[in-house]
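These are my notebook entries on a single chain fold. I set down what I looked up, topic by topic.

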Amino acid sequence: MDIPLSTIAVVGLGTMGTGIAEILTRAGHEVIGIDISDAAAVRAAGALDASTARAVERGRIGEEERRTALARFRTFSDLRAAADAELVIEVVPESYETKQRVFRALDTIVSPTTILATGTNALSVTRLAADSAHPERVLGLHFFNPAPAMKLVEVVSSVLTSPQAVAAVTALARELGKEPVAVGDRPGFVADGLLFGYLNQAAAMFEAKYASREDIDAAMRLGCGLPMGPLALLDLIGVDTARTVLEAMYAASHDRLHAPAPVLGQLSEAGLTGRKSGRGFYTYEAPGSGTVVPDALTAPADREGGAGRPVRAVGVAGSGTMASGIAEVFAKAGYDVVLAARTPEKAAGAVSRIATSLARSVDKGRMTAEARAGTLARITPAGSLDALSEVDLAVEAVAEDLEVKQRLFAMLDKVCRPGAVLATTTSSLPVIACARATSRPRDVVGMHFFNPAPAMKLVEVVRTVLTSDETVATVRAVSTAVRKHPVDCGDRAGFIVNALLFPYLNNAIKMVEEHYATLDDIDAAMRLGGGYPMGPFELLDVVGLDVSLAIERVLHRAFRDPGLAPAPLLEHLVAAGCLGRKTGRGFREYARR
């Protein structure tokens with residue numbers, strides 16, 4: 001039997017409650033907004049007025065439609081206003097005591113058939129339902145912030161929830177233009193269950209002074225295509241809210257990766273909860289503002305730490321996809337490039353790959369035929385490392401094998417002129433091990449490009465304990481000259497991006513192993529709820545499961561954290577030769593080319 005949901009009450013008119021009220025109102029529902037704070041009710045009405053005015057300006061709705069929508073929204077300060085609602089959505093602060101108080105009061109006010117939905121993103125729906133007089137009508141309805149823009153809604157059932165209630169709110173979510181994903185009741189559900197572990201690790205990385213907040217955020221935006229960096233996102237969510245979510249996750253999992261980083265507690269206790277307070281990891285123009293203003297932690301505009309060395313000629317050692325991509329980047333920026341491979345044939349093949357890439361750019365109107373010809377003319381293929389004798393910067397881009405890289409650096413040490421900077425593009429191996437293979441470790445640095453190098457804007461500049469300031473300054477300046485964004489980090493497994501990305505991917509695999517959610521639902525949850533360009537399983541199949549497993553093992557060995565141990569399912573797939581798109585099968589099957 002269908003349950004009509006024409007009148008809906010929203011309890012709690014903060015940012016999330018106001019956003020949900022806006023969606024419902026514009027979809028034609030009568031909305032009763034309830035908040036004990038008159039100021040919150042006034043802000044909610046003002047926000048709805050402003051958002052509908054913007055919609056009229058942009059031609060999305062007419063003025064009459066706007067007036068009708070505004071008339072559907074009424075605010076009250078008493079829960080008794082919800083008496084006639086068919087659905088009540090609770091979005092009060094993340095506290096069992098607060099939410100249980102609301103649910104107990106609603107039990108005495110609304111009809112026994114009224115559905116009670118909690119908007120919690122961390123607390124147990126089952127625990128809230130068990131405390132209700134009618135637990136079968138209690139479920140989770142988890143919208144994502146900002147609710148009007150985000151497509152995902154997690155519909156959370158407890159073991160007590162009736163199928164009719166689930167069906168009713170699932171239909172409502174679809175009517176609102178959202179993508180409902182059915183999930184079971186565990187802290188964090190799907191999206192936040194994966195997201196908050198990643199955010200927690202980013203907070204710990206910042207707390208350890210491993211990288212600046214700006215570099216951590218830029219690395220994840222530019223290296224992973226995320227709409228927002230993790231520390232900026234923590235400020236948007238609320239540092240106190242994130243801490244509450246993580247506490248609930250840790251209580252259920254006892255996984256150290258979910259134990260809230262101490263800095264989250266310190267900021268929360270100090271009232272520095274993010275945008276809503278005007279200060280969190282960043283400082284904002286005013287409470288509630290999203291405009292960041294400089295503060296004591298803001299890095300100076302010029303951070304090179306002194307002048308770098310002049311670089312006119314660049315050598316690239318390798319002939320694979322990454323080597324050819326890096327050579328293309330430097331040549332397009334006007335540098336003379338020597339591309340040295342093990343044989344003349346391999347070097348010629350790499351240049352041919354570059355020529356094809358540049359031809360595609362010409363076809364797409366991104367460069368002229370003359371610019372393509374000039375770029376190719378600046379690349380000299382060579383079948384021996386001896387050709388790198390006069391370069392100012394030598395960039396290694398060979399196989400991700402430490403012994404291979406160490407042998408190569410020993411050869412570069414002998415071949416390259418004194419003063420040349422020697423850079424490795426490793427994504428996970430210790431840069432210091434490459435540096436120690438030379439007699440000039442001060443000149444060795446990590447210069448981690450991302451694949452595909454011509455398109456990806458990020459370069460991680462990895463300093464060892466022996467790297468000189470001048471070497472770092474040189475690589476930062478060159479990175480900027482080739483229109484990349486350099487971020488500074490230390491010589492630690494995974495650097496910034498992989499150290500944050502691969503535990504998240506590993507946790508997604510564990511979620512499937514535990515039969516908590518399907519591949520498709522997890523991918524949809526992270527695309528729609530987290531703003532990720534790809535879901536974790538799409539990304540794993542693109543990266544390659546063998547590559548992913550190798551990085552997971554490096555992280556596990558380096559940090560010795562049980563939570564970083566590679567998921568058994570990943571190891572089994574690699575052992576079976578199911579490596580992702582390149583083999584036609586990974587987590588999914590692909591058509592062979």
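**Nonpolar cores**

I began with the largest nonpolar core, which has 104 residues. Those with the most contacts inside this core are Tyr198, Phe281, Leu388, Ile496, Ile522 and Phe537. I note here that the model is predicted. I then asked which helix gives the most to this core. Helix α18, residues 497-513, does so, with 11 residues.

I looked up the surroundings of isoleucine 522, leaving aside its neighbours within four places in sequence. Isoleucine 522 is in contact with Val190, Leu194, Ala508, Met511, Val512, Ala517, Pro536 and Phe537. Of these contacts, Phe537 is also listed among the residues with the most contacts inside the largest core.

Apart from the largest core I found another one, of 33 residues. Its members include Ala323, Met367, Ala397 and Val482.

**The open sheet**

I next traced an open sheet of 8 strands with mixed pairing. Its strand order reads β3-β2-β1-β4-β5-β6-β7-β8. Which strands form the edges? They are β3 (73-76) and β8 (179-183), each of which pairs on one side only. I recorded an average twist of 25° from one strand to the next.

I examined one pairing in detail. Strand β6 (residues 138-143) and strand β7 (residues 152-156) run antiparallel and are joined by 4 bridges. Within this pairing, glycine 140 stands opposite valine 156 in β7.

I also looked for what helix α1, residues 15-26, lies across. It lies across β1 (7-11), β2 (30-34), β3, β4 (87-90) and β6. Relative to β1, helix α1 runs at about 170°.

**Aromatic pairs**

I counted 5 aromatic pairs. The ring centres of phenylalanine 330 and tyrosine 335 are 5.7 Å apart and the planes stand at 85°, so I class this pair as edge-to-face. Both phenylalanine 330 and tyrosine 335 are buried.

Why is the pair of phenylalanine 330 and phenylalanine 449 edge-to-face? Their centres lie 6.1 Å apart with the planes at 70°, and an angle over 60 degrees counts as edge-to-face, so the pair qualifies. This pair links distant parts of the chain: phenylalanine 330 is in helix α12 (residues 321-332), phenylalanine 449 is in strand β16 (residues 444-449), and 119 residues separate them.

I checked the accessibility of these two partners. Phenylalanine 330 has a relative accessible area of 0% and is buried. Phenylalanine 449, at 1% relative accessibility, counts as buried. I grouped Phe330, Tyr335 and Phe449 as one aromatic cluster.

**Charges over rings**

I looked up two arginines beside tyrosine rings. The charged end of arginine 127 sits over the ring of tyrosine 96, at 3.6 Å from the ring centre. The charged end of arginine 186 sits over the ring of tyrosine 516, at 4.3 Å from the ring centre.

**Glutamate 460**

Is glutamate 460 buried or exposed? Its relative accessibility is 0%, and buried means under 20%, so glutamate 460 counts as buried. I located glutamate 460 in strand β17 (residues 458-463).

Not counting residues up to four places away in sequence, glutamate 460 touches Gly446, Met447, His448, Phe450, Val487, Cys489, Phe495, Ile496 and Val497. One of these, Ile496, is named among the residues with the most contacts inside the largest nonpolar core. I also took the C-alpha to C-alpha separation of glutamate 460 and alanine 394, which is 16 Å in space, with their positions 66 residues apart in sequence.

How values were computed:
Residues numbered from 1 in each chain as written. Predicted model: local features only at pLDDT ≥ 70, side-chain atom pairs only at ≥ 80, totals over all residues. Heavy atoms only, no water. Pairing = 2+ DSSP bridges. Helix = DSSP H or I, 4+ residues; strand = E, 2+ residues; numbered from the N terminus. Axes fitted to C-alpha atoms, helices over the stretch in contact; angles between N-to-C directions. Contact = heavy atoms within 4.5 Å. Phe/Tyr/Trp six-rings, centres within 6.5 Å; stacked < 30°, edge-to-face > 60°. Buried < 20%, exposed > 50% of the residue type's maximum accessible area, 1.4 Å probe, protein only. Lys NZ or Arg CZ within 6 Å of the ring centre and 35° of its normal. Core = buried A, V, L, I, M, F, W, Y, C linked by side-chain atoms within 4.5 Å.
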